[in-house]
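Trainee: Got a minute to go through this one with me? I'd like to start broad and then poke at a few spots.

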Amino acid sequence: MINMSNVVLFSLSGFSTTANYRVLLSSLTFFCYFLIVVVNVSLVLTIILDQNLHKPMYAFVCSLCINGLYGSTGFYPKFVFDLLSETQVISYEGCLLQVFVIYSNIKMDYSSLVVMAYDRYVAICRPLQYHSLMSVRRTAVLVALSWLIPLCCESMVTILTSKLKFCSSKIDKLYCENWSLVKLACGSRRTNDIFGLFVIAFYCGHLLFIVCSYVQLVKSALKSTNGKKKFTQTCVPHLLCLLNVSVALLFDVMYSRYGAASVPQSVRHFFAIQFLVIPPIINPIIYGLILTKIRNRIIYLCIMAGQLFQLGV
């Protein structure tokens, strides 16, 4: 029996089927990470540099993009390194750190979507009170809470996992994932199970809050033409991002806890990494294309950059 104190390295056995495609997969992964950095940094800089975008809704979008960069950095560099390596291992401390970064990232995504739903609710259902309710101070508090609560929650999850004793050091995945570590435990994992279900219920509460907010939003938006226009312009991208993150997270939770061994490994790999690939690329693209002010500003900056390039040539 191997206990916690003797586990120095974990092996990632999920890479066994990638040996013949290392160069191709590493190239695609590097391109994907490059794309995530470009689209998210572009949106963040656009919002920071334009005074007209210094409003609560855009501050929340900026926070969402920064979180996308944070989560991607916890996965992609290590993943590319493993694809190009002969052996795929990760230290005990590195594994816990990756668990913390990846899963605090997805929790912060959901928390950001909750505060964005609240912002849209106030803007459409209580427009006369919007500026008093969504002051600079309250916006800063909401952004801080959307980061601090998930970080504290994931800290508890990681601490509980670190206290387990392990019977094996083989993780059947492409990266360190909390439930995969818990399944390696020798003794009782009851506390981890209970707290894990509490976390799932807590974030299901987030989803319920968003649904209730949008019920009120739709009722209010249908009363006027201006309300319908505002709903279409600002709420549709939020709903698309919510759907994007929710579907990705649902696949990960269901597969991690209840995935069948009979499922082909390629399919299991897809379910394992799709929530790390799709949301950080799609979310900034959705907001960049649908929100008029951001789209117009990005087009303007692209035109200016093109003109400067021509002058330089």
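Mentor: Sure, we'll take the overall make-up, then the empty spaces, one serine and some aromatic rings.

Mentor: Keep in mind that this is a predicted model.

Trainee: Okay, how many helices and strands does the protein have?

Mentor: There are 11 helices and 3 strands. Reading from the N terminus, the order is β-α-α-α-β-α-α-α-β-α-α-α-α-α.

Trainee: And what share of the residues counts as buried?

Mentor: That's 46% of the 313 residues. As for contacts with a separation of 6 or more, 80% of them come from residues 24 or more positions apart.

Trainee: Let's talk voids. How many cavities of 30 Å³ or more are there?

Mentor: The structure has 3 of those. The largest cavity comes out at about 120 Å³. It has 16 lining residues, and the ones closest to its centre are Gly68, Asp109, Pro279, Pro280 and Asn283.

Trainee: Which helix gives the most to that lining?

Mentor: H10 does, with 7 residues. Helix H2 (56-73), H4 and helix H10 (265-290) each put in at least two.

Trainee: What's the lining of the largest cavity like by class?

Mentor: You get 9 nonpolar, 6 polar and 1 charged residues.

Trainee: Switching to pockets: how much space is in the second largest one?

Mentor: About 560 Å³. Its lining has 22 residues, with Lys55, Met57, Tyr58, Arg120 and Tyr130 nearest the centre. Several elements give two or more residues to that lining: H2, H4, helix H5 (130-133), helix H6 (136-162), helix H9 (225-258) and helix H11 (292-312).

Trainee: And the classes for the second largest pocket?

Mentor: The split there is 11 nonpolar, 7 polar and 4 charged residues.

Trainee: New topic. I clicked on Ser104; where does it lie?

Mentor: Ser104 is in helix H4, which covers residues 92-125.

Trainee: Is Ser104 buried or exposed?

Mentor: Buried: its relative accessible area is 0%, and the cut-off for buried is under 20%.

Trainee: So what does it touch?

Mentor: Leaving out residues up to four places away in sequence, Ser104 touches Tyr70, Val99, Pro150, Leu151 and Glu154. There's also a polar atom of the Ser104 side chain 2.6 Å from the backbone oxygen of Phe100.

Trainee: Last thing, the aromatics. How many aromatic pairs turn up in the whole structure?

Mentor: The search finds 10. One of them is Tyr33 with Tyr76, a stacked pair at 5.5 Å centre to centre with 15 degrees between the planes. Tyr33 belongs to helix H1 (residues 22-49) and Tyr76 to helix H3 (residues 76-83), so the pair links distant parts of the chain, 43 residues apart.

Trainee: How are the rings of Phe75 and Tyr76 arranged?

Mentor: Their centres are 5.0 Å apart and the planes are at 75 degrees, so that pair is edge-to-face. The cut-off for edge-to-face is over 60 degrees.

Trainee: Why do Tyr76 and Phe75 count as buried?

Mentor: Tyr76 counts as buried because its relative accessibility is 2%. Phe75 counts as buried because its value is 1%.

Trainee: Which residues make up the cluster those rings sit in?

Mentor: Ring pairs join Tyr33, Phe75, Tyr76, Phe79 and Tyr175 into a cluster.

Key
Residues numbered from 1 in each chain as written. Predicted model: local features only at pLDDT ≥ 70, side-chain atom pairs only at ≥ 80, totals over all residues. Heavy atoms only, no water. Helix = DSSP H or I, 4+ residues; strand = E, 2+ residues; numbered from the N terminus. Buried < 20%, exposed > 50% of the residue type's maximum accessible area, 1.4 Å probe, protein only. Polar contact = N/O pair within 3.5 Å; in protein donor to acceptor, adjacent residues only side chain to side chain. Contact = heavy atoms within 4.5 Å. 1 Å grid on protein atoms, 1.4 Å probe; cavity = no way out; pocket = protein on both sides within 12 Å on 5 of 7 lines; lining within 4 Å. Points joined across faces, edges and corners; volume = space filled by probe spheres on them. Nonpolar A, V, L, I, M, F, W, Y, C, P; charged D, E, K, R; others polar. Phe/Tyr/Trp six-rings, centres within 6.5 Å; stacked < 30°, edge-to-face > 60°.
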